[in-house]
Amino acid sequence: MRRTGRDSVVRRGWARTLAGMLMLASGGVTAAPAAADEWTLQTGAHVDAWSGGGQSGHQILLPFSLAFDTPDWGAGVRGAFGNSERDPGNAPSGSITGFVDTTLSGYYALTVAGIELRAGLGLDLPTGVSRLRASQLAAVQDEDLVTLERFGEGFDINPTLAAYRNFGAFGVGLGAGYLRRGRYDPTRDTPDDDFDPGDEFTVAVLGDVYVADAVRLLGRLAYTCFTRDTIGGVPVLREGDQLDFRLSAEWRPEPWWVVVAVRDIVGAKAERPGPTGALVTESHNSNGNDLRGSVTVGYLLTDAWSVEGTVAVRHVTANDYSAGDPLRDGGRTKVAFGPGVTWSPTRTFAIDAAVRYF
């Protein structure tokens, strides 16, 4: 959906993780290759609940993923089953129950003249609940409040390509990805409203450096451009190009670890229908500046147990439209914090749990 383990301490593991980060395209991450042939099964439960302003809602997700990784290639499948409900207060409640879209992914990696090259492909299969009845529309919730806005969209294709070179204490990489987003019908009861979201093309540059034995800096700059969205074949929007900058610092003086991360997402002016119906650049920028930051502090209690605490802040500034304009967004701030615990009795088995209050 648009806007919808522990790090390795081995240098080669960092390089592969960097390659995976470079292959981001609209939020999708390709898994890092393994040091040997390896199966990975993950599952769990995720619950979001909120209330305020006379409204309330919740979302329960039971995610699952299965992956097979080798030093040179890998493949995986992931999805979830869940329930999403919202009570808007002044209208009937809505509920969605079922599967979300299923993602199939794969990659192939090789090293040429010291440069790690990696090609990946992701397929989002429309297995989720997408065609909603009118009585279910209230369950479509903002991603500021729950993990997924919708459970299902169209058939998406996401090829990616990345290159990374390690120079010892530092490394640099380049990546590109194209997200071909498929058309889908968002409702059962409204005719001729098929939604065809715009495609996305992302290029990224990334670098990391060890400034000390236990301190590492990682930066990533990505640029994304979009094609137009249509409803019933009629163009309704082309999102403005987007610049996404991320910077993190990691300090790992065992048994402690501290991770500080900041992110800034800047969007250009969008294109909207003009007097003739053709898309024209909007008079003011409808995108506010999206600033995010987090601090995580962890401690290894034993070889099997660790605890951590996280504080995360997201601040979206007001956009350029004046008060009273239909496109005015006054901005918002979200603060989340809470503890987490991990039990990892072996290298191949782990259970973790976390609670966040926002």
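1. Let's start with one residue pair: D196 stands opposite T230, a residue of strand β13. This is a predicted model, so please read this pair, and everything below, as a prediction.

2. The pair belongs to a wider arrangement. Strand β10 and strand β13 (residues 229-231) are joined by two bridges and run in the antiparallel sense. With β14 added, the three strands make an open sheet, ordered β10-β13-β14, with antiparallel pairing. β10 (195-196) and β14 (234-237) each have a single partner strand and stand at the edges, so one side of each has no neighbour in the sheet.

3. Stepping back to the whole protein chain, the secondary structure consists of 22 strands and one helix. The radius of gyration is 21 Å, close to the 21 Å from the globule rule for 358 residues, so the chain is as compact as a globular protein of that length. Along the principal axes, the C-alpha atoms fill a box of roughly 60 × 40 × 40 Å.

4. On burial and surface: 37% of the 358 residues are buried. The chain exposes about 19000 Å², and 61% of that comes from carbon and sulfur atoms.

5. A friendly word on confidence. The chain has a mean pLDDT of 89, with 90% of its residues at 70 or more. Among its elements, strand β19 (residues 290-300) has the highest mean pLDDT, 98, while helix α1 (residues 11-22) has the lowest, 41. Residues 1-21 have pLDDT below 50, and this stretch has 65 contacts in the model beyond near neighbours in sequence. Residues 23-31 also stay under 50, with 30 contacts beyond four places in sequence.

Notes: Residues are numbered from 1 along each chain as its sequence is written. This is a predicted model: local features need pLDDT of at least 70, side-chain atom pairs count only at pLDDT 80 or more; totals for chains, interfaces and linings use all residues. Side-chain values use heavy atoms; hydrogens and water are left out. pLDDT is the predictor's confidence in each residue, from 0 to 100. Helices (H or I, at least four residues) and strands (E, at least two) are DSSP runs, numbered from the N terminus. Contact means heavy atoms within 4.5 Å. Two strands pair if DSSP finds at least two bridges between them. The radius of gyration is taken over C-alpha atoms; the globule rule is 2.2 Å times the number of residues to the power 0.38. Buried means under 20% relative accessible area, exposed over 50%, partly exposed in between (1.4 Å probe, protein chains only). Accessible areas come from the Shrake-Rupley method with a 1.4 Å probe; for residues, only the protein chains shown count as cover.
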